[in-house]
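Subject: A structure for you to explore

Hi there,

Here is the structure I promised to pass on to you. Please open it next to this email and follow along as you read.

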Amino acid sequence: MANRPQAGGYNYTLSDNATPAEIPAERETEVPPPPTLTEPQQQTLLTPENFRATLSGFIFSGVLLGLLPMWNSAVFITAAAILGLLFILCPLRLQMVALAVTSGVIALPQMLYLSTGSARAQMPKLLHWGYTIDHPTVANVAKYLGFIFGFKWLLIALALVFATSLQRRFFLAVFSLLAVAFSFQFTIESLANQKFFHIWVIIVNLFVAFALWRLWHLSLVGTTLPGKFAAIAAALLIIPGGIIDFFPIHNTGWSEVTYKNDPLIDWLNKNTTPRDIFLTDRFVNHPILMAGRRILYGWPYYAWSAGYNAGKYDRLYAELFESKDPWKVFRLLKENGINYVAYDNAVRQGQFIKRPNEQLYATYFLKVFEDNRYNGLVIYKVPDTPPPKLAALPEGVSNMFEGGKGSGKGQFDSPTGIAVDASGNVFVADTNNGRIEKYSPSGTFLSTMGIKGTGYGQLGAPNGIAVDRTGDIYVADASKHVVEKLESDGSIIAEWKGPEAGFYGPRRIAIGPDDSIYVVDQGRTRIVKFNPDGKVVTTWGSKGNGDRQFDDHTSVAVDPITNKVYVADPRNRRIQVFDSDGRFLTKWSIPEWGQPAGFEDLIIDSKTGRLYASSAHINSVLIFDLKGNRLGSLTPKPPYKLDGPSALALVNGKLYVLNMHGNSVSVVDL
């Protein structure tokens with residue numbers, strides 16, 4: 001026997017062997033409607049007993065939420081956003097306050113820790129509408145969401161039709177993640193906001209699945225077949241979106257690192273310790289990193305996205321792999337605790353390092369490992385003390401290619417003259433510092449000549465510079481209005497004040513094949529020719545735009561084969577050509593010239609029959625043949641560039657270009 005509740009609320013007894021006729025008929029007016037999904041009626045009165053019964057669960061949830069920041073800050077922000085809206089939309093608010101206080105107490109120390117650090121960059125402002133996409137108009141946001149979620153929007157809408165009031169409120173709270181993703185900037189990395197979309201999709205997919213389930217069980221006209229067909233069609237519509245998501249995974253790369261019986265791994269384990277730091281390529285899966293050794297600067301993505309000043313280490317990384325100054329490199333290596341430097345083809349030919357300085361490491365540091373099987377890997381050891389070859393150099397040595405503005409060794413302040421001696425040493429007229437700097441053929445700083453001043457043997461504003469075959473140096477001093485003749489060590493030999501009326505702002509000097517010295521006397525608009533003893537041989541020129549006249553001429557060059565003299569006359573936009581006695585021969589037009597203070601310079605390559613012309617207003621070098629035909633222009637290979645070229649020098653197939661604005665020397669291979 002079984003007691004069963006009757007529809008109208010009465011009980012009846014049903015015998016185990018009763019027949020259907022014996023079952024009492026139910027009142028038709030009391031037949032309940034089919035069951036529907038409804039939420040239970042909410043209690044409006046919160047009793048102390050109910051509060052205590054539910055409080056522990058909320059506190060435990062607060063503990064879990066408070067532990068999130070160090071694990072994943074995006075998930076913590078997500079939970080906070082959803083719970084904040086649930087606090088408004090749902091009851092049990094006191095319990096949610098307890099949850100928030102618990103999570104806040106635990107999360108606050110983590111948030112403070114994550115927001116500190118001397119290397120962190122300044123964070124952006126928090127409110128930033130449309131940070132996730134470009135041009136964030138309402139139409140573009142709608143297009144973006146439509147493309148990302150596609151036909152799922154139809155199923156989401158259907159799920160909300162079938163959902164209960166509580167479920168709809170929960171969806172509304174979850175919808176806040178879209179507002180967070182589009183309206184806030186928590187980091188300098190835009191991809192971080194994609195994490196809010198990812199979490200939103202995970203939760204919303206539950207609603208999509210619920211809609212498919214309801215369609216599958218939906219009965220129309222006594223059959224569920226239409227609902228099943230609709231569910232299948234909807235599933236087929238959303239499947240392509242999932243397939244598309246797999247393409248990035250399929251197309252991505254991966255790497256394998258052999259650990260056992262590997263020569264590099266064996267060498268690292270035998271000769272280095274896990275505490276040693278390597279300077280390497282930034283490859284995420286570099287074998288040295290996979291071997292358990294520390295590297296100075298790995299892939300900067302995560303540190304950068306967290307707000308740390310990755311740019312600072314980008315510059316350090318580039319200096320260590322590009323600087324040609326051995327003392328500077330050694331000092332940076334020691335300051336950053338680097339024990340080994342690993343050079344491979346990824347460094348030599350990669351996108352981050354443009355001017356590799358491997359020759360510096362090969363010259364001054366001990367090679368301890370080399371194996372071409374590892375992408376041409378060579379490892380150099382950084383010693384505790386300066387290596388012997390480095391110790392022999394003066395500390396603080398620099399090079400002319402890096403230069404830099406200043407008065408230190410190897411630095412410049414608006415230099416305007418450059419020359420090369422018979423040994424390939426380079427001399428630069430460091431104009432505003434009142435000195436001459438000497439460099440080795442490789443560009444390493446060697447010495448400084450001259451003391452700034454107006455006295456005899458001192459340098460005021462050295463402009464043009466030339467070196468004769470005996471090593472004597474000639475300097476056109478524009479502020480002292482003299483030409484100084486110096487010995488190779490910088491000792492004064494003589495000062496020439498020029499012919500009648502004297503020099504007025506001499507700018508350039510050139511030496512002919514017969515050792516004659518030609519001076520651009522710019523202030524007097526003339527060319528002055530001397531013999532090596534300082535005796536004036538001839539002069540020519542006057543102010544104007546006719547033949548044999550000049551307007552602030554800036555440079556002179558002599559063809560060592562024909563002895564023809566070429567004069568840059570930039571204000572008149574031309575080059576004039578003379579014989580060695582100053583007789584006019586021809587002229588060439590240079591339309592690019594014409595602006596004042598261009599410090600235009602000329603140099604002749606007699607072997608190839610070419611003339612090179614520069615201007616501080618044009619960051620390229622113009623090429624002509626010796627008949628005046630324009631052949632093209634020259635620029636250094638990237639990343640080198642010209643920055644206000646003010647002087648030229650030529651030796652052994654290399655053209656040195658002095659950059660007065662960039663305070664450095666560039667080299668162009670001819």
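First, a definition that will come up often: a residue is called buried under 20% relative accessible area, exposed over 50%, and partly exposed in between, using a 1.4 Å probe and protein chains only. Asp-552, for example, is partly exposed, with a relative accessible area of 30%.

Please keep in mind that this is a predicted model, in which local features need pLDDT of at least 70 and side-chain atom pairs count only at pLDDT 80 or more, while totals for chains, interfaces and linings use all residues. Residues are numbered from 1 along each chain as its sequence is written, and side-chain values use heavy atoms, with hydrogens and water left out.

**Salt bridges**

A salt bridge here is a side-chain nitrogen of Lys or Arg within 4 Å of a carboxyl oxygen of Asp or Glu. How many salt bridges does the structure hold? There are 21.

Let's stay with Asp-552. Its partner is Arg-571, and the closest N and O atoms of the two are 3.5 Å apart. This pair links distant parts of the chain, 19 residues apart: Arg-571 sits in the loop between β21 (565–569) and β22 (574–578), and Asp-552 in the loop between β19 (536–540) and β20. Names such as β20 stand for DSSP runs numbered from the N terminus, with helices (H or I) of at least four residues and strands (E) of at least two. Arg-571 is also partly exposed, at 34%.

Another salt bridge joins the side chains of Arg-469 and Asp-515, with 3.0 Å from N to O. These two are 46 residues apart and again link distant parts of the chain, with Arg-469 in the loop between β12 and β13 (473–477) and Asp-515 in the loop between β16 and β17 (517–521). Arg-469 is exposed, with a relative accessible area of 58%, whereas Asp-515 is partly exposed at 25%.

For a pair within one helix, look at Glu-335 and Arg-331, whose side chains meet at 3.7 Å, N to O, in a salt bridge. Both belong to helix α15 (residues 326–335) and are 4 residues apart, about one turn of the helix. Glu-335 is exposed at 56%, and Arg-331 is partly exposed at 42%.

You can also find a network of salt bridges that links Asp-430, Arg-435 and Glu-437.

**A buried arginine**

What is the nearest side chain of opposite charge to Arg-293? That is Asp-276, 5.7 Å away, and Arg-293 has no salt bridge although it is buried. (For charge, Lys and Arg count as positive and Asp and Glu as negative; His and the chain ends are not counted.) Arg-293 lies in the loop between α12 (287–290) and β4 (294–295). A polar atom of the Arg-293 side chain lies 3.3 Å from the backbone oxygen of Thr-273, and the backbone oxygen of Ala-291 lies 3.5 Å from a polar atom of that side chain.

Helix α12 also holds Ile-288, which is buried with a relative accessible area of 0%.

**The largest pocket**

On a 1 Å grid over the protein atoms alone, a pocket is an open set of points with protein on both sides within 12 Å along at least five of seven lines, and where a 1.4 Å probe fits but cannot get out, the set is a cavity; lining residues have an atom within 4 Å of a point. The largest pocket has a volume of about 1100 Å³, where volume is the space filled by probe spheres set on the points, and grid points are joined across faces, edges and corners. Of its 38 lining residues, the closest to the centre are Val-420, Ile-511, Ile-603, Ile-604 and Leu-650. Elements that give two or more residues to this lining include β8 (417–420), β24 (601–605) and β28 (645–651).

The lining divides into 23 nonpolar, 7 polar and 8 charged residues. Here Ala, Val, Leu, Ile, Met, Phe, Trp, Tyr, Cys and Pro count as nonpolar, Asp, Glu, Lys and Arg as charged, and the others, Gly among them, as polar.

**Two backbone angles**

Most residues other than glycine have a negative phi. Arg-548, in the loop between β19 and β20, has a positive phi of about 70°. Ala-597 has a phi near 55° and lies in the loop between β23 (584–589) and β24.

Enjoy exploring!

Notes:
A polar contact is a pair of N or O atoms within 3.5 Å; within protein, one must be able to donate a hydrogen and the other to accept it, and residues adjacent in sequence count only if both atoms are side-chain atoms.
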